[in-house]
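Hi,

Here is the structure I said I would pass on. Have a look at it first, and then read my notes underneath.

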Amino acid sequence: MTSMKAIRAAVVLLLCGWIAAAAAAQIKVNGKEIPQSRIDAMVKAYHAQGQPESPELVKRAQEEAINREIVAQEALRKGLDKQPDVATQLDLSRQSILLG
């Protein structure tokens, strides 16, 4: 009985360590670092949708953040942010966020 508790405690510690190590790892896309706060926000959003927090969920958030960054960098490279309709949408989104 006691050894089972010890095994469970060890597994929990290993998982916590893995999550902490994954969180501490810097993720860069083409030299641009993805802030950990962005990944944390994505995990929080997934969790709010009812998905249990787990190492797999953190990995999914990291992969999604990488994919979004790749697409966003390509859009900026093409100058999409300079197009009037896109610039207007970016401005409206920024205002909405600031207004809370």
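Below are my notes on the pocket, one glutamate, two helices and a few backbone angles.

First, the ground rules: this is a predicted model, so local features need pLDDT of at least 70 and side-chain atom pairs count only at pLDDT 80 or more, while totals for chains, interfaces and linings use all residues. Residues are numbered from 1 along each chain as its sequence is written, and side-chain values use heavy atoms, with hydrogens and water left out.

The largest pocket holds about 190 Å³ of space. For the method: on a 1 Å grid over the protein atoms alone, a pocket is an open set of points where a 1.4 Å probe fits, with protein on both sides within 12 Å along at least five of seven lines, and lining residues have an atom within 4 Å of a point. Points are joined across faces, edges and corners, and the volume is the space filled by probe spheres set on them. The lining consists of K32, R38, M42, R68, E69, A72 and L76. Helix 2 (36-48) and helix 3 (55-77) are the elements that give two or more residues to it, and helix 3 has the largest share, with four. (Helices are DSSP runs of H or I, at least four residues, and strands are runs of E, at least two, numbered from the N terminus.) By type, the lining has three nonpolar residues, no polar ones and four charged (Asp, Glu, Lys or Arg).

E69 sits in helix 3 and counts as buried because its relative accessibility is 6%, with the cut-off at under 20% (1.4 Å probe, protein chains only). Its side chain makes a polar contact (N or O atoms within 3.5 Å, one able to donate a hydrogen and the other to accept it) with the side chain of R38, at 3.1 Å. Leaving aside residues up to four places away in sequence, E69 touches V29, K32, I34 and R38 (heavy atoms within 4.5 Å).

Helix 3 also checks out on length: at 1.5 Å times one less than its 23 residues it should span 33 Å, and its end C-alpha atoms are 33 Å apart. Helix 4 (residues 84-99) agrees too, with 22 Å expected and 22 Å found.

Now the backbone. G79, which follows helix 3, has a positive phi near 80°, and G100, just after helix 4, has one of about 80°. N30 is a residue other than glycine with a positive phi, near 50°, and lies in the loop between strand 1 (27-29) and strand 2 (32-34).

Cheers

How values were computed. Buried < 20%, exposed > 50% of the residue type's maximum accessible area, 1.4 Å probe, protein only.
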